[in-house]
Amino acid sequence: MGIYIMKRMLITLPLLLAVSFLTFVLISFSPMEPAEVVLRAQEVPVITEELIEQTNEKLGFNKPFIVQYFHWLIACLQLDFGQSYVKNAPVWSLMGPAFMNTFKLTVISSFVIIAFSVLFGVLCALNERTAVDRLLRALLFGFTAVPAYWLGAIFIFVFSVKLDLLPTSGMDGAKSYILPVTVIALGYIGLYFRNIRSAMLNNLNEDYVLYGRASGLPENKITMHILRNSLQVAISIFCMAIPIILGGTVVIENVFAWPGLGSLSISAILSRDFPVIQAYVLIVAVAFVVFNMMSDILNATFNPRIRDGN
Amino acid sequence: MNVLKNLSQDKLGITSLIFIVVLTFVGIFAPLIAPNDPIAVNMQLRYASPSWEYLLGNDHLGRCILSRMLYGIQPSVLWVFVALAASVSIGAIVGFIAGYFRGNVDAVIMRICDVMLSFPVYVIAIAIVAILGVGLGNILIAFVLMKWAWFARIIRTSVMQYVELDYVKYAQAIGMSHPSIIVKHILPVTFSDIAVVASSSMGSMILQISGLSFLGLGIKAPNAEWGMMLSEAREVMFTRPELMIAPGVAIVMVVLAFNFLSDSLQVALHPQLRQSNQSQQKLKWFKAPAQHEKEVVK
């Protein structure tokens, strides 16, 4: 097991390097000259050629590309993502709190998704091909086709405006989580409960179930065994859902005015605040890679077959 | 063809197909079909209710909503389809090279795919819009740039199944060139897998791209696009909620149609699926890469 974890982590390192390099390359395509941007941000009244030269010299913008990359990478490792062009504050001071807000929303949504995916998956599997199964599947299939932002707007209209039960937007206490979490969850439950359902159904045909039945084990005990084995799928879904939602909350955050990474990045795009965008891309991509690694390791912990397969 | 025959037995599938075909025609010929000019502003008709001249009523600038919906088919659905076709083509070429030749070429290509798949699509779309500027074209470029890696990976797995078969080895033995083996012997058998993969991502791509338009990163005003129409409608949501209906329902219907079609296509191309749930096991490779699920971002 230890060897598997080591291996998996070692694969992750070059991947992280490649991801950071790609992020750096991507943003360096931006049309603005970095020195000019820095000077503008410092509100220098007259920007001369000479001044640009000096800034280039001072900040190392005239060094070879690869040297610049390593300087940037080392700074990033110390959470120094530079200065925002627009807000005149270090990028991390904007990014840190926003990341935490998005992360909270993501983790809570993932818990809700897992709980309901298991619930509906088990319900459908135990009632396979009955009305309950058909109805639930049709309903959840339908929700995967609904644009999250549209559903969000409808929810705000119904629950916040008409019924006045919940806050329309912002992040203000536990109540403000209900709508965004529901909207995020509805989209994903429809994708994930299918996996639980088919895992349950596959388990139903395994030998151990036949053996249990043959030895006269009560049906509810057999169900518990099946459930335990199917929960593996639930764990891997949970790990998979976190990075996906983390990278996909942009629209939801916008609808509910959630002060997270998504909102921050959209305003950064519209004001062309490149250091913020660069940090956003890097942080989400790194989180994505790290959570994927964790999900693989967790999967291998619970399912030795994956471990040995590698 | 057999596939069409199979598909025609599936009512939901054939209905979806007809819906999509009709929608495509309406989208292409929108200028001929639409009753009014979609960008003609008429402040006297602000928020007018449906009438015989304006069947779906008018928006905040008095523009004909029906005409805007019809013109919106092109950017909301047809251009997404073009982007999908482009990324599937790139993915297919790369996947064929990796799966057919294996070895170092394969290893390098797969590592590149790993890196590409480390970025959530939304994040890259945002980065590319930041660099190239706001516009539907730039969003589509971002999707083509990112999605090919996922298609390449799945198509490679599909190709690898067939490369080892005897008739391919025989073709190699008699000295057929690699490109003609790929085109004559492997492409036809993998085509069904490619069709299923492609159709299954169409729905989520429509949702994602309309989402970016909703954020104001897509098509520029005054052009009509469903996501943008929803974003305009949201501004007046509290007083005129009915404006949210048409574009929202349209998106749901199109995405549902593509999802149904994709499911039916899968059954039509692999009829053994119909018999039992268990035989889904046989198609496990199709779900195999964990990344597949990961890309279904909403």
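In the predicted model, Arg129(A) is exposed, because 9 other C-beta atoms lie within 10 Å of its own and a residue with 12 or fewer such neighbours counts as exposed. Arg129(A) is placed in the loop that runs between α5 and α6 (131–143) of chain A, and although it is not a glycine, its phi is positive, at about 60°. A second arginine, in chain B, can be described in the same terms: Arg102(B) has a positive phi of about 50° and is likewise not a glycine, and it is found in the loop between α4 (65–101) and α5 of chain B. Arg102(B) is partly exposed, because its count of other C-beta atoms within 10 Å is 14, which falls between the limit of 12 or fewer for exposed residues and that of 20 or more for buried ones. A further positive phi, of about 85°, is taken by Gly175(B), just after α8(B). The helix that precedes this glycine, α8 (residues 166–173) of chain B, is hardly covered, since the count of buried residues among its eight residues is zero.

With regard to confidence, the model scores ipTM 0.82 and pTM 0.84. For chain B the mean pLDDT is 83, and 90% of the residues of this chain reach 70 or more. The pLDDT is below 50 over residues 276–298 of chain B, a stretch that nevertheless has 37 contacts in the model beyond near neighbours in sequence.

Chain B contains 14 helices and zero strands, and its C-alpha trace spans about 75 × 45 × 35 Å along the principal axes. Of the 298 residues in chain B, 45% are buried. When contacts in chain B between residues at least 6 apart in sequence are considered, 68% of them join residues at least 24 apart.

Within chain A, helix α5 (residues 91–126) packs with helix α10 (residues 219–248) at an angle of about 150°, and the two axes are 9 Å apart. Because an angle over 145 degrees counts as roughly antiparallel, α5(A) is roughly antiparallel to α10(A). The crossing in which α5(A) passes α10(A) is right-handed. On the side of α5(A), the residues that meet α10(A) include Thr102(A), Thr106(A), Val107(A), Ile113(A), Ile114(A) and Val122(A), while those of α10(A) include Leu227(A), Ala234(A), Ile237(A), Phe238(A) and Leu246(A). By class, this contact of α5(A) with α10(A) is made up of 13 nonpolar, five polar and no charged residues.

In chain B, helix α6 (residues 121–132) and helix α7 (residues 136–163) pack at an angle of about 135°, with their axes 9 Å apart. This angle makes α6(B) oblique to α7(B), and α6(B) passes α7(B) in a right-handed crossing. The contact draws on Val121(B), Ile124(B), Ala125(B), Ile128(B), Val129(B) and Leu132(B) from α6(B), and on residues of α7(B) that include Asn138(B), Ile139(B), Ala142(B), Phe143(B) and Met146(B). Of the residues in the contact of α6(B) with α7(B), 12 are nonpolar, one is polar and none is charged.

Helix α7 of chain B also contains Ala149(B), which is buried, because 25 other C-beta atoms lie within 10 Å of its own and 20 or more suffice for a residue to count as buried. When residues up to four places away in sequence are not counted, Ala149(B) touches Cys113(B), Met116(B) and Leu117(B). Met228(B), by contrast, is 79 residues apart from Ala149(B) in sequence and 28 Å apart in space, C-alpha to C-alpha.

The contact between the two chains takes 40 residues from chain B and 39 residues from chain A. On the side of chain B that touches chain A, at least two residues are supplied by each of α5 (103–116), α6, α9 (178–214), α10 (226–235), α11 (245–269) and α14 (290–294). The largest share of this side, seven residues, comes from α6(B), the helix that also packs with α7(B). By class, the residues that chain B contributes to the side touching chain A divide into 26 nonpolar, nine polar and five charged.

Notes
Residues numbered from 1 in each chain as written. Chains lettered and ligands numbered in written order. Predicted model: local features only at pLDDT ≥ 70, side-chain atom pairs only at ≥ 80, totals over all residues. Axes fitted to C-alpha atoms, helices over the stretch in contact; angles between N-to-C directions. Helix = DSSP H or I, 4+ residues; strand = E, 2+ residues; numbered from the N terminus. Parallel < 35°, antiparallel > 145°, perpendicular 65-115°, else oblique. Left-handed = near helix turned anticlockwise from the far one by under 90°. Contact = placed C-beta atoms within 7 Å. Nonpolar A, V, L, I, M, F, W, Y, C, P; charged D, E, K, R; others polar. pLDDT = per-residue confidence, 0-100.
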